[in-house]
Amino acid sequence: MKKTKYIFLMMIGLGLGLSAVGCSDLEEEPVGLLSPDGFYQTTDDIQLAVNASLTHAINEEIWGRKLSIALLLRSDMVDLASTETRRVEMNTHTISGNNEMVFDPWTRIYLGIAAANDAIAGGEKVEVADEFKNPVIAQAYFARAFYYFHLVRLFGDVPYITEPVTDINASSSLSSTPEAQVYENIISDLQYAEQWLPNTVTSRATPSKAAAKSYLALVYLTLAGTNDNAYFQLAYNKAKEVITNKATYDVDLDPDFQTLFNANKIDASKEPIFALDYNNVEASDNSYDQTAPMTGVRGDDDDQGWSVAVPAMAVYDSFDEDDYRKRVSFQTRATIGGTDVDYTNFTLSGHSNAKNRPYIAKYTRYPGPYARGNKRATSHNYSMIRYAEVLLIAAEAGVEIGAADAVDLLNEVRSRARNGGDSTNGAYVEETIAASTVPADLTSITVADVLEERRIELAFEGKRWYDIKRRQLGNQVFSASGYEGAKPDWNSAEDYDTPIPQDELDRNPNL
C-alpha cells in the first residue's frame, strides 16, 4: 500500500493565507493545521518539510520564470522584445508595487520560508540524536538563508520570521526588520548549515557544506559593497575554504563550459555547488520552468520560442569572437519555416516580437526531455552557485585585500574557456570547437577586470543585476554608453530596491 504523507504549511498573514506544497515527486493535500508536536516523528518527516520548502524555488513565480526573468531584464545584459507592462517596468526600472513580477516572487519566497521554519521547529521535536537529525534540519536553515538572501537584496528591509506563525491576526501587523539584521540572521543560518551539512551529496539540488560556505562567501562579498575590507577578507577566506578543499567537497570546474547548460550531461558535472533541478514534469502549482521559451527565437522550428528576453546587439558584440563562452551563451542561427538563417533574418517568422539579434542559448540548446510545448517543464539544472563563481568571489575579494593569488584565481576560470568543447551552431548541428588561445591569461587584475569576467562567465544566469546593485554600477551601466543605451527612468536614489507589493502595504502599514 502506498504511504502518503500530508503536511499543512501555514503562511504568515502578509496577505498570503494558507498553502500546501511539496516536491513534484511528492503528493500533497491540505488537511488541517498539524503542529510540530503532532506531525514530526522521524528525520523523514523533517526531510519532507525541507523538500516542500525548496520546491517553492522551482515554481514559475521564482526561478521558473517571474524572478529569474525579472533579474535578467533589470540588468544591462538583456533587453525586452515584448510589450507587457509588467516586463516593461522591469526593463526600464519603473517598477510599481502592483507588478505581479514583484508580488508573486515575494509571496512564493515567504511560502518557502514558512516551510523551512516549520521544518526547523518540527525537527527540534524529533527525538533522534543530533548527529542524525541536525544534518537534515541544516538543509532547512540553508533554504531559509537562500530565500532571505534574495529578499534582502531585492527589497532591503523585510519582515524576518523564524518560527511557524499560527496567529494570522498577529502576523498581519508584523514590522520590517532592518536590512543589516536580516544579513546577520542569514549569516547565522548559513553558519549552522556549514556546521552540520555533509561534505558531499548525491544531488546538487541538496544543500551541502560547500554550498553553505559558498553562499557565506557571496553574502560577505555583498556586504563588503565597494570598500569594506573586513568583509572582503571574510569573503576571500570562505571562498578559499571551498577552493582549498575542492576534492573533499567533490567540486571543480567542468572541462567543457557547454556541459553546464546541457540538461543531458550536467548531472555528472562537479561544477554546480547548489542547483535547482527540474525533472521534465509539469508539476501542479506551476512548479516547472519556462525560461527556454522566454529566451527562445520566435518562430524557430525547434519548438518555437516567445522572443521575450533578448540581449541587445552590443552585449553580443562585447564578447570576444574567439571566446568559447560566446558560442555557448548565444544562438546565432535558427531554422524558421524550414529555412536555415542567421540572426540577421530571425524576423522571417513574421511575428512582431521577433528580433534580428543573437538570442540567449544557455537554456534553449540542450533542455533535455521536456513535458510541455515550447520547451517548458524541461530537465535543466539551474546552478544557483557554481565553482567558477567561487573562484571569482575569491579573485574579487582578493584584489581588494591585496591577495597575491587573485590573478591566478581569475585565470583559472579563463583557462577553462580556452578548452573549447562540444556544442552546436544555431541550427543544432553538433560540432567540436577546438581549443584556442582566447581568453589569454592576465598578468595583473583590477576589480573592474573581475566584474567583467563575472559578466562574461555568468551571463544570463541571474547574477548581473545583483552585481550592479552591490557595486552601485547603475549610473554607469544604464547611461548612454551602456550596452542597452541610456535608460532615462533610472534613478539611483530609488531603483536599487524593489518596491514592496502595494497589497502588502495596504494590509499592513507597519511595512
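**Figure 1. Helix α16 and the glycine that comes after it.** Gly402 follows α16 and has a positive phi, near 80°. This is a predicted model, so every view in this set shows computed coordinates. The helix itself runs over residues 387-401, 15 residues in total, and spans 21 Å between its first and last C-alpha atoms. That span is close to the 21 Å expected at 1.5 Å a residue. Because 12 of its 15 residues are buried, α16 is largely enclosed by the rest of the structure. If you would like to pick them out, the buried residues are Tyr387, Ala388, Glu389, Val390, Leu391, Leu392, Ile393, Ala394, Ala395, Glu396, Ala397 and Gly398.

**Figure 2. Helix α18 and the elements that cover it.** Here we turn to α18, residues 447-457, a mostly covered helix with 8 of its 11 residues buried. The buried residues include Val447, Val450, Leu451 and Ile456. Charged side chains have a place in the list too: Glu453, Arg454, Arg455 and Glu457 are buried in α18. Which elements cover these buried residues? Among them are α15, β10 (381-386), α16, α17 (406-417) and α19 (464-470). The α16 helix of Figure 1 is thus part of the cover over α18.

**Figure 3. Lys375, a buried lysine in a loop.** Lys375 sits in the loop that links β9 (359-360) and β10. Is this lysine buried or exposed? Lys375 is buried, since its relative accessible area of 6% falls under the 20% cut-off. A polar atom of the Lys375 side chain lies 2.6 Å from the backbone oxygen of Thr364. Asn280 is also worth showing in this view: 95 residues separate it from Lys375 along the chain, while their C-alpha atoms are 9.8 Å apart.

**Figure 4. Asn134 on helix α7.** Asn134 belongs to α7, the helix of residues 130-155. With a relative accessible area of 6%, Asn134 is buried. Which residues does Asn134 touch, once its neighbours within four places in sequence are left aside? Tyr192 and Trp196 are the residues in contact with Asn134.

**Figure 5. The largest cavity.** The model holds 9 cavities of 30 Å³ or more, and this view shows the largest, with a volume of about 160 Å³. It is lined by 15 residues, with Trp63, Tyr363, Tyr382, Phe460 and Glu461 nearest its centre. Both α4 (66-74) and β10 supply at least two lining residues, and β10 gives the most, with 4. By class, the lining of this cavity comprises 8 nonpolar, 6 polar and 1 charged residues.

**Figure 6. The second largest pocket.** For anyone thinking about open space, the second largest pocket has about 300 Å³. Its lining consists of 20 residues, and those closest to the centre are Glu321, Asp323, Tyr324, Lys326 and Arg327. Two elements, α15 (324-329) and β6 (330-331), give two or more residues to the lining. The top contribution comes from α15, with 3 residues. The classes in the lining are 6 nonpolar, 7 polar and 7 charged residues. Helix α15 also appears in Figure 2, as part of what covers the buried residues of α18.

Definitions and conventions: Residues are numbered from 1 along each chain as its sequence is written. This is a predicted model: local features need pLDDT of at least 70, side-chain atom pairs count only at pLDDT 80 or more; totals for chains, interfaces and linings use all residues. Side-chain values use heavy atoms; hydrogens and water are left out. On a 1 Å grid over the protein atoms alone, a cavity is a set of points where a 1.4 Å probe fits but cannot get out, and a pocket is an open set with protein on both sides within 12 Å along at least five of seven lines; lining residues have an atom within 4 Å of a point. Grid points are joined across faces, edges and corners, and a volume is the space filled by probe spheres set on the points. Buried means under 20% relative accessible area, exposed over 50%, partly exposed in between (1.4 Å probe, protein chains only). Contact means heavy atoms within 4.5 Å. The expected span of a helix is 1.5 Å times one less than its number of residues. A polar contact is a pair of N or O atoms within 3.5 Å; within protein, one must be able to donate a hydrogen and the other to accept it, and residues adjacent in sequence count only if both atoms are side-chain atoms.
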